[in-house]
Amino acid sequence: MALILVVEDENAIAELIAINLRHAGFEVRLAADASSAQAAVDRELPDLVLLDWMLPGQSGVELARRWRAASRTRELPLIMLTARAEEADKITGLDAGADDYLSKPFSTKELLARIRAVLRRRAPEALDAAVEISGLKLDPATHRVTRRVADQVIEVKIGPTEYRLLHFLMTHPERVHSRAQLLDRVWGDHVFIEERTVDVHVKRLREALSPVQGAALVETVRGAGYRLTQQQGTLVA
Ligand code: CA
């Protein structure tokens with residue numbers, strides 16, 4: 001379930017957004033100004049932030065700029081909310097690093113569509129859509145991993161950490177991820193564990209995939225990290 005931080009000082013609007021997001025299956029945290037938003041992000045990195053432009057004290061635009069300048073929040077998916085519908089304001093918001101921009105008033109339908117679009121682009125692992133690569137299928141709704149080998153669908157027995165690792169790799173295929181990046185994105189960014197741990201779980205993931213001839217899907221890129229890649233050739237029973 002994706003975690004969304006709503007930064008909005010008008011309580012009635014914040015509550016309404018929160019109710020609608022929870023109803024749509026998101027987990028929601030609220031912050032009413034820039035400093036409590038910063039505190040919330042320091043505690044736990046959300047999957048996406050809805051950031052109101054006009055906040056008491058530091059504005060949403062200033063906060064967006066600050067987050068984009070910090071390594072921990074550089075990639076944080078961000079949608080700006082604003083009552084200002086001027087073209088110049090929109091450009092300022094996007095220049096400050098927002099992924100998208102929504103003018104008030106907006107419908108819940110539009111808000112949800114924008115959130116899903118940004119998550120699909122920036123953090124697809126936060127969505128519950130099934131992913132499939134080279135016949136290997138991972139379905140977050142059922143938590144099942146299967147692969148069609150010859151004419152049979154075989155279920156992959158997989159531990160919870162290897163599942164999360166596979167989900168992340170499958171939603172960001174063909175890209176090389178360093179061990180540090182995988183720790184941040186799969187284990188959580190406040191977890192202080194050794195990079196060697198990643199190697200242990202990659203090994204376990206390959207072992208889990210080997211009964212469905214999928215160990216080769218997870219490639220080691222020397223000196224760089226790991227990558228999930230398409231597998232050539234046909235599988236034999
Ligand atoms: Ca406001």
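Tutor: Happy to walk through this predicted model with you. To begin, a donor is an N, O or S atom within 3.2 Å of the metal when that metal is Ca.

Student: Thanks! How are the donor residues of the calcium ion spaced in sequence?

Tutor: The protein donors are Asp-9 (OD), Glu-10 (OE), Asp-52 (OD) and Met-54 (O). They lie 2.0 to 3.0 Å from the calcium ion. Written along the chain, the spacing of these donor residues is D-E-x41-D-x1-M.

Student: How many residues apart in sequence are the parts that Asp-9 and Met-54 tie together?

Tutor: Asp-9 sits in the loop between β1 (3-7) and α1 (11-23). Met-54 belongs to the loop between β3 (48-52) and α3 (60-69), so the pair links parts of the chain whose separation in sequence is 45 residues.

Student: Do the buried residues of α3 line one face or fall on opposite faces of the helix?

Tutor: The buried residues of α3 are Gly-60, Val-61, Leu-63, Ala-64, Trp-67 and Arg-68. Seen down the helix axis, they fall within an arc of 160°, so what they line is one face.

Student: And which element gives the largest share of the largest nonpolar core?

Tutor: That core has 27 residues, and Met-170 is one of those touching the most other members. Elements giving it two or more residues include β6 (131-133), β7 (136-139) and α6 (160-171). The largest share, six residues, comes from α6.

Student: Which residues does Met-170 contact, leaving aside neighbours within four places in sequence?

Tutor: With those neighbours set aside, we can simply list the partners. Met-170 is in contact with Val-131, Glu-132, Ile-133, Leu-136, Leu-138 and Leu-228.

Note on methods:
Residues are numbered from 1 along each chain as its sequence is written. This is a predicted model: local features need pLDDT of at least 70, side-chain atom pairs count only at pLDDT 80 or more; totals for chains, interfaces and linings use all residues. Side-chain values use heavy atoms; hydrogens and water are left out. Donors are N, O and S atoms within 2.8 Å of the metal (3.2 Å for Na, K and Ca); water is not among the atoms, so sites may look incomplete. Helices (H or I, at least four residues) and strands (E, at least two) are DSSP runs, numbered from the N terminus. A nonpolar core is a set of buried Ala, Val, Leu, Ile, Met, Phe, Trp, Tyr and Cys residues joined through side-chain atoms within 4.5 Å. Buried means under 20% relative accessible area, exposed over 50%, partly exposed in between (1.4 Å probe, protein chains only). Contact means heavy atoms within 4.5 Å. The arc is that of the directions from the helix axis to the C-beta atoms.
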